[in-house]
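Reader: I'm new to reading protein structures. Could you walk me through this one, a bit at a time?

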Amino acid sequence: MKKAPIIGFIRYSQKIKFDNHKKERDVFEPIYFEYRYDIFKNVTLKSFQQQTDNNFVLLLLHSENMPVQYKERFIELEKENLFLYNVFVQDTQESFNEAILDSNKYVRYENSTALTFRIDNDDAVQNDFIEKLNGFLKNDFVGFSVSIPLMHIVKRIANQLYMLQESYFPANAIGLAYVTS
């Protein structure tokens with residue numbers, strides 16, 4: 001098992017009802033699953049494959065109820081990407097919290113510190129994201145959150161037409177990170 005001082009979390013397919021929704025979305029409905037999987041593999045995962053600093057671990061949190069044919073695809077991605085680990089959990093908030101606490105087994109502290117971040121399964125990070133976060137692995141930053149608030153949002157508005165929007169959003173930046181001891 002690879003250990004690193006920087007641990008990323010992506011809640012990929014855990015079925016939990018969110019704030020204003022009456023019921024959870026069926027994340028395993030084939031068309032929706034394929035759409036999300038394609039974005040994850042070609043945007044999110046690719047952005048981590050291209051990092052200038054590979055000293056990180058990325059944990060994908062999945063529902064243990066994921067159909068076998070989909071599990072096999074993620075297990076194959078794990079074999080191909082040494083930084084990637086699939087974590088299959090029950091569809092409860094408690095199980096999610098337990099998986100987060102259990103993530104300590106992936107941590108290798110550096111300067112007595114570690115850093116965690118969370119992104120969505122359709123986000124991409126700049127190719128020096130881990131390198132930039134590495135600069136915060138110091139005791140002086142323990143207990144602080146790190147925000148890289150400048151982001152670019154790409155939105156498809158037609159089949160071959162995209163809109164690029166630059167956004168400065170420090171409170172909810174992609175990859176919002178926390179430094180811990």
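**Strands first**

Author: Let's start with a pair of strands: β4 and β8 (residues 177-180) run antiparallel and are joined by four bridges. Keep in mind that this is a predicted model.

Reader: Which residue in β8 does T116 stand opposite?

Author: Strands in a sheet pair through backbone hydrogen bonds, either parallel or antiparallel. Here β4 and β8 take the antiparallel option. Across from T116, in β8, you'll find Y178.

Reader: In what order do the six strands of the open sheet come?

Author: The pairing in this open sheet is mixed. β3 and β5 (145-146) stand at the edges, so one side of each has no neighbour in the sheet. Reading across, the order is β3-β2-β1-β4-β8-β5.

Reader: How many residues sit between β6 and β7 in their hairpin?

Author: Strand β6 (residues 150-158) pairs with strand β7 (residues 161-168) in the antiparallel sense, over eight bridges. One of the matched pairs is M151 with S167 in β7. Between β6 and β7, the hairpin has two residues.

**On to a helix**

Reader: Where is the kink in helix α1 centred?

Author: Helix α1 covers residues 30-49 and has a kink of about 35 degrees. Among the buried residues of α1 are F33, Y37, F40, T44 and F48. The kink is centred on one of those buried residues, F40.

Reader: What covers the buried residues of α1?

Author: An α-helix has 3.6 residues a turn, so residues three or four places apart point the same way. The buried set in α1 includes F33, R36, Y37 and F40. The cover over the buried residues includes β1 (6-11), β2 (57-63), α2 (68-80), β3 (84-89), β4 (114-118) and α4 (129-134).

Reader: Which residue caps the N-terminal end of α1?

Author: Look for a side-chain oxygen that lies 3.2 Å from the backbone nitrogen of I31. The residue that owns this oxygen is E29.

**Into the core**

Reader: Which element gives the most residues to the largest nonpolar core?

Author: In soluble globular proteins, nonpolar side chains tend to be buried together. The largest nonpolar core here has 30 residues, and those with the most contacts inside it include F40, F48, F74 and L133. The elements giving two or more residues are β1, α1, β2, α2, β4, α4 and β8. With five residues, the top contributor is α1.

Reader: Which residues is L133 in contact with, leaving aside its neighbours within four places in sequence?

Author: L133 is among the residues with the most contacts inside the largest nonpolar core. Setting those sequence neighbours aside, the contacts of L133 are I6, L115, F117, V146, I148 and A177.

Reader: How many residues are in the other core?

Author: This other core lies apart from the largest one. Its members include I7, V89, F96 and Y106. The total for this core is 14 residues.

**Charged pairs**

Reader: Are R118 and D120 buried, exposed or partly exposed?

Author: The structure holds five salt bridges, and R118 and D120 form one of them, with the closest N and O atoms 2.8 Å apart. Partly exposed runs between the 20% and 50% cut-offs. R118 is at 39% and D120 is at 32%, so R118 and D120 both count as partly exposed.

Reader: How far apart are the closest N and O atoms of K105 and D102?

Author: K105, at 37% relative accessibility, is partly exposed. D102 is partly exposed too, at 44%. The two form a salt bridge, and the closest N and O atoms are apart by 3.3 Å.

Note on methods
Residues numbered from 1 in each chain as written. Predicted model: local features only at pLDDT ≥ 70, side-chain atom pairs only at ≥ 80, totals over all residues. Heavy atoms only, no water. Bend = angle between axes of the 7 residues up to and from the residue. Buried < 20%, exposed > 50% of the residue type's maximum accessible area, 1.4 Å probe, protein only. Contact = heavy atoms within 4.5 Å. Polar contact = N/O pair within 3.5 Å; in protein donor to acceptor, adjacent residues only side chain to side chain. Salt bridge = Lys/Arg side-chain N within 4 Å of Asp/Glu carboxyl O. Pairing = 2+ DSSP bridges. Core = buried A, V, L, I, M, F, W, Y, C linked by side-chain atoms within 4.5 Å.
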